[in-house]
Amino acid sequence: MNSVSIVVPIYNERESAPVLHSQLTEVLSGLGCDYEILLVDDGSRDDSVRVLRQLAERDSHVRLVLFRRNYGQTAAMQAGLQMASGDVIITMDGDLQNDPADIPLLLNKIDEGYDLGHGWRKHRKDAFLNRRLPSIIANRIISKTTGFPIHDLGCTLIAIRRELAQDLELYGEMHRFIPILAHWRGAKCVEVETNHHPRCFGETKYGISRTFRVILDLITVKYMLQYFA
């Protein structure tokens, strides 16, 4: 069994973090492999850092990366990917909307020979007008522009081989383009239907305000696919 690293960007998730840790521990301890949980605090302004430190003190599987200020989800993801030591890296959100119970499903795809498995929140539990509808439109535009067939590029739940993950250079909002960037490098990718839960605490921390930055990054990715293939 491959060793596994879980990478979770955290931004103002003091209520969610202990629950997520408990859920992850339950799933990962049943895999029969070495694992670590990398919690990357993206300059939280609430009490998240104190909560994360407590988790790390109680559980040797937990490693922390603490940003001094908010750099954004992509920067947090990049830091976690570079520090991960597992053979396979799982990325996911810290707000409890991704389901840790889907981790074995994604790992099975890696065992089948895929280099990357990415989640599809087919039954997404978000508001339609300001979350799901923009996502549907964006996914169609991105898929058509890049030629990469995908239903849900916004899903953070991804399993990827470490050597591939650490070869990626992410900036802006490009964490959502990880499957496309990996495919461009010759990776064998597969989309997997995964669970999605309603938000339990607070409001979304990385929201629709990123839309214009995503569009700019799409232009960058399209340029890369055309001129560096």
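Student: How many bridges pair strand β5 with strand β6, and in which sense?
Tutor: Happy to start there, with the reminder that this is a predicted model. Strand β5 covers residues 116-120 and strand β6 covers residues 158-161. One facing pair puts G117 opposite A159 in β6. The pairing of β5 with β6 is antiparallel, over three bridges.

Student: What is the strand order of the sheet that holds them?
Tutor: The sheet is open and has seven strands with mixed pairing. Its edge strands are β3 (62-66) and β7 (189-193), each of which pairs on one side only. Neighbouring strands are turned against each other by 20 degrees on average, direction ignored. Reading across, the order is β3-β2-β1-β4-β6-β5-β7.

Student: Which residue of β6 is the bridge partner of T91?
Tutor: Let's look at both sides of β4. Toward β1, four bridges join the two strands in parallel, and S5 has I89 as its bridge partner in β4. Toward β6, the pairing is antiparallel over four bridges. There, the partner of T91 is I158.

Student: Are the β4 residues V88, I89, I90 and T91 buried or exposed?
Tutor: Two of them, V88 and I90, point one way from the strand, while I89 and T91 point the other way. Whichever way they point, each of the four has the same status: buried.

Student: At what angle does helix α4 run to β7?
Tutor: Helix α4 spans residues 103-111 and lies across β1, β4, β5, β6 and β7. For a second helix on this sheet, take α1, which lies across β1, β2 and β3 and runs at about 160 degrees to β2. For α4 against β7, the angle is about 155 degrees.

Student: Why are α1 and α2 described as roughly parallel or roughly antiparallel?
Tutor: The axes of α1 (residues 16-28) and α2 (residues 48-58) come within 9 Å and cross at roughly 25 degrees. Angles under 35 degrees count as roughly parallel. The passage of α1 past α2 is a right-handed crossing. The crossing angle therefore makes α1 and α2 roughly parallel.

Student: How many nonpolar residues does the contact of α1 with α2 have?
Tutor: On the α1 side the residues are A17, P18 and H21, and they meet V51, L52 and L55 in α2. By class, the contact has one polar residue and no charged ones. The nonpolar count is five.

Student: How many of the 11 residues of helix α3 are buried?
Tutor: Helix α3 runs over residues 73-83 and is mostly covered. Its buried residues are Q73, T74, A76, M77, Q78, A79, G80 and L81. The cover includes β1, β2, β3, β4, α6 (162-165) and α7 (178-184). The number buried is eight.

Student: Why does T194 count as buried?
Tutor: T194 sits in the loop between β7 and α8 (211-227). Leaving out residues up to four places away in sequence, T194 touches D102, G119, W120, R121, K122, C155 and L157. Buried means under 20% relative accessible area. T194 therefore counts as buried, with a relative accessibility of 7%.

Student: And for the whole chain, what percentage of the residues is buried?
Tutor: The chain has eight helices and seven strands. Among its contacts between residues at least 6 apart in sequence, 81% join residues at least 24 apart. Of the 229 residues in the chain, the buried share is 52%.

Key: Residues numbered from 1 in each chain as written. Predicted model: local features only at pLDDT ≥ 70, side-chain atom pairs only at ≥ 80, totals over all residues. Heavy atoms only, no water. Axes fitted to C-alpha atoms, helices over the stretch in contact; angles between N-to-C directions. Parallel < 35°, antiparallel > 145°, perpendicular 65-115°, else oblique. Left-handed = near helix turned anticlockwise from the far one by under 90°. Contact = heavy atoms within 4.5 Å. Nonpolar A, V, L, I, M, F, W, Y, C, P; charged D, E, K, R; others polar. Pairing = 2+ DSSP bridges. Buried < 20%, exposed > 50% of the residue type's maximum accessible area, 1.4 Å probe, protein only.
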